[in-house]
Amino acid sequence: QVLLTESGGGLVQAGGSLRLSCAASGRTFSTYPMGWFRQAPGKEREFVAAISWRDIRRSYADSVKGRFTISRDNAKNTVSLQMNSLKPEDTAVYYCAVDVRREYYIGDYYTPSQFDYWGQGTQVTVSS
């Protein structure tokens with residue numbers, strides 16, 4: 001059984017930082033893209049960042065470029081999201097996900113429908 005477990009969410013003031021982590025179990029994902037999405041109340045789930053296998057390419061939504069950094073550790077089967085200079089509009093539930101349909105994919109096109117495995121989500125709240 002595949003399980004993705006996020007951690008690291010919480011409440012932070014604007015300008016602060018948080019680091020989200022996601023641990024995968026049940027199978028290894030070293031050759032597949034892994035990503036982070038978020039969903040704010042009343043809004044659709046949106047792409048935040050993704051990382052290709054072997055960390056060859058990292059992709060970011062325009063809204064987080066220069067502030068967020070995605071990374072992965074294939075030996076530990078984990079993916080992380082370092083979030084700096086947080087803004088109130090970053091408030092959302094953050095989900096990690098794995099795309100097992102595009103092994104060895106290196107590109108910038110990521111949508112929620114392409115990801116098959118999802119974590120339960122972790123709340124990030126940024127106060128002004």
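Let's start at Arg67. Arg67 sits in the loop between strand E6, residues 58-60, and strand E7. One word of caution early on: this is a predicted model. So, is Arg67 buried or exposed? Its relative accessible area is 10%, and the cut-off for buried is under 20%, so Arg67 counts as buried.

What does the side chain of Arg67 reach? The backbone oxygen of Ser85, at 2.9 Å. Ser85 is also one of the residues that Arg67 touches, leaving out those up to four places away in sequence. The others are Gln82, Met83, Asn84, Leu86, Lys87 and Asp90.

Keep Ser85 and Leu86 in mind. Gly15 touches both of them, again leaving out residues up to four places away in sequence. Where is Gly15? In the loop between strand E2, residues 10-13, and strand E3. Gly15 is exposed, because its relative accessibility is 54%. Now look at the end of the chain. Gly15 and Ser128 are 113 residues apart along the chain. Their C-alpha atoms are separated by 8.9 Å.

Let's step back to the whole chain. How many helices and strands does the chain have? Zero helices, and eleven strands. From the N terminus on, then, every element in the run is β. The chain has 128 residues, and its radius of gyration is 14 Å. That agrees with a compact globule, which would come out near 14 Å for this number of residues. Along the principal axes, the C-alpha atoms fill a box of roughly 40 × 30 × 30 Å.

Next, contacts and surface. Take the contacts in the chain with a separation of 6 or more. Of those, 60% are between residues 24 or more positions apart. Buried residues make up 45% of the 128. The accessible surface is about 6,400 Å², and 47% of that belongs to carbon and sulfur atoms.

On to the inside. In soluble globular proteins, nonpolar side chains tend to be buried together. Here, the largest nonpolar core has 35 residues. Which of them touch the most other members? Trp36, Val48, Phe68, Val79, Leu81, Met83 and Tyr94. Seven strands each supply at least two residues of this core: E3, E4, E5, E7, E8, E9 and E11. Met83 we have met already, as a residue that Arg67 touches.

Tyr94 leads us to Thr122. Thr122 is in strand E11, residues 122-127. Thr122 counts as buried, because its relative accessibility is 11%. Its contacts, beyond four places in sequence, are Glu6, Gly9, Leu20, Ala92, Val93 and Tyr94. With Gly9 there is a polar contact too: the side chain of Thr122 reaches the backbone nitrogen of Gly9 at 3.3 Å.

Last stop, the disulfide. The structure holds one. It joins Cys22 to Cys96, with 2.0 Å from S to S. Cys22 lies in strand E3 and Cys96 in strand E9, so the pair ties together parts 74 residues apart in sequence. Why is this disulfide called right-handed? Because the torsion about the S-S bond is about 45°. And are the two cysteines buried or exposed? Cys22 is buried, and so is Cys96.

To recap: eleven strands, a largest nonpolar core of 35 residues, and one disulfide. That's my tour.

Note on methods. Residues numbered from 1 in each chain as written. Predicted model: local features only at pLDDT ≥ 70, side-chain atom pairs only at ≥ 80, totals over all residues. Heavy atoms only, no water. Helix = DSSP H or I, 4+ residues; strand = E, 2+ residues; numbered from the N terminus. Buried < 20%, exposed > 50% of the residue type's maximum accessible area, 1.4 Å probe, protein only. Polar contact = N/O pair within 3.5 Å; in protein donor to acceptor, adjacent residues only side chain to side chain. Contact = heavy atoms within 4.5 Å. Core = buried A, V, L, I, M, F, W, Y, C linked by side-chain atoms within 4.5 Å. Rg over C-alpha atoms; globule rule 2.2 N^0.38 Å. Areas by Shrake-Rupley, 256 points an atom, 1.4 Å probe, with all protein chains shown as cover. Disulfide = S-S within 2.5 Å.
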